[in-house]
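The exercises below ask for a careful reading of empty space and ring contacts in one protein chain. Work through each task with the model in view before turning to its solution.

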Amino acid sequence: MLQIRKSAERGHADHGWLNSYHTFSFAEYFDPQQMGFSALRVINEDRVQPGEGFPTHGHRDMEIISYVLDGALQHKDSLGTGSVIRPGDVQRMSAGSGVRHSEFNASAEQPVHFLQIWLQPNQLGGAPGYQQQHFTPAELSGRLRLIAAPDGRDGAVTLRQDACIYATRLNGEQGVTHVVPAGRRAYLHVARGSVQLNGVSLVAGDGARIEHATTLHLGAGTNAEALLFDLP
């Protein structure tokens, strides 16, 4: 069963310096029917103006993934980490028992466009942690590239949850297939372009909840980039 959530149905907040779309309830946007899906709690599509960003603030008990689409995001945290996240980079911050961090547009001239993703961990507490990996366009083109997994296999960042995240780029006749194991669910988020999921057309910002389906096929992409979540 596919349940489609169109881009225009998402929550929206425009603060001038930040233009944000919320797939699930977040901040001032609240919808009791959109509180997350399985362990997936947040998908925010953020555009931050040059030189602006999120000042230092705290989190705990959440797996936070940043996935940059365009521009560059500057990260600093209470673990002593300082980095710049660019397209192709996947950042994972395990908030654990508590961490403080800031995220700013690293450019004084160009906006940064990125996805901020939160997953609930399978255990509360624990030491916070940070990890960043780079994936080339060739690694994502025409395939589902594992970018996050509980065991960190194949160069993926490590999650404290029984969930996997795959990224793909599809164009023209390229297609990929994913088999959802029995008893598990999946969620697809289209980051850009357009693509078909089991024959259903989706465009940037659209999402799909997937339950009781065994085989997923993504194809007929037009400059498409998408994230597929395999969830408990």
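A cavity is a set of grid points where a 1.4 Å probe fits but cannot get out, and its volume is the space filled by probe spheres set on those points. The model used here is predicted.

**Exercise 1.** Establish what volume the largest cavity has, and which residues line it.

*Solution.* Start with the count: the structure holds 1 cavity of 30 Å³ or more, and the largest cavity has a volume of about 30 Å³. Next, list the lining, which consists of Ile64, Ser66, Gln91, Met93, His101, Glu103 and Gln116. Strand S6 (63-70), strand S9 (89-94) and S10 are the elements that give two or more residues to this lining. Sorting the lining by class then yields 2 nonpolar, 4 polar and 1 charged residues.

**Exercise 2.** Describe the largest pocket by its volume, by the residues closest to its centre and by the class of its lining.

*Solution.* The space in the largest pocket comes to about 300 Å³. Of the 19 residues that line the pocket, Leu18, His22, Phe26, Ala27 and Phe54 are the closest to its centre. Among the elements that contribute two or more residues to the lining are strand S3 (18-22), strand S5 (53-59) and strand S11 (112-119). By class, the lining is made up of 7 nonpolar, 9 polar and 3 charged residues.

**Exercise 3.** Of the 4 aromatic pairs in the structure, take the one formed by Phe26 and Trp118 and work out its geometry and the parts of the chain it ties together.

*Solution.* The ring centres of Phe26 and Trp118 are 5.4 Å apart, and with 75 degrees between the planes the pair is edge-to-face, since planes over 60 degrees apart count as such. Phe26 belongs to the loop between S3 and S4 while Trp118 belongs to strand S11, so the pair ties together parts that are 92 residues apart in sequence. As to accessibility, Phe26 counts as partly exposed because its relative value is 23%, whereas Trp118, at 14%, counts as buried.

**Exercise 4.** Determine how Phe37 and Tyr187 are arranged, and what surrounds Phe37.

*Solution.* The pair of Phe37 and Tyr187 is tilted, at 6.1 Å centre to centre and 50 degrees between the planes. Phe37 lies in the loop between S3 and S4 and Tyr187 in strand S17 (residues 185-197), so that distant parts of the chain, 150 residues apart, are linked. Both Phe37 and Tyr187 are buried. Extending the view, Phe24 joins Phe37 and Tyr187 in one aromatic cluster, and Arg185 lies over the face of Phe37, 5.4 Å from the ring centre.

Definitions and conventions: Residues are numbered from 1 along each chain as its sequence is written. This is a predicted model: local features need pLDDT of at least 70, side-chain atom pairs count only at pLDDT 80 or more; totals for chains, interfaces and linings use all residues. Side-chain values use heavy atoms; hydrogens and water are left out. On a 1 Å grid over the protein atoms alone, a cavity is a set of points where a 1.4 Å probe fits but cannot get out, and a pocket is an open set with protein on both sides within 12 Å along at least five of seven lines; lining residues have an atom within 4 Å of a point. Helices (H or I, at least four residues) and strands (E, at least two) are DSSP runs, numbered from the N terminus. Ala, Val, Leu, Ile, Met, Phe, Trp, Tyr, Cys and Pro count as nonpolar, Asp, Glu, Lys and Arg as charged, and the others, Gly among them, as polar. Rings of Phe, Tyr and Trp (its six-membered ring) pair if their centres lie within 6.5 Å; planes under 30 degrees apart count as stacked, over 60 as edge-to-face and the rest as tilted. Buried means under 20% relative accessible area, exposed over 50%, partly exposed in between (1.4 Å probe, protein chains only). A charge sits over a ring if NZ of Lys or CZ of Arg is within 6 Å of the ring centre and within 35 degrees of the ring normal.
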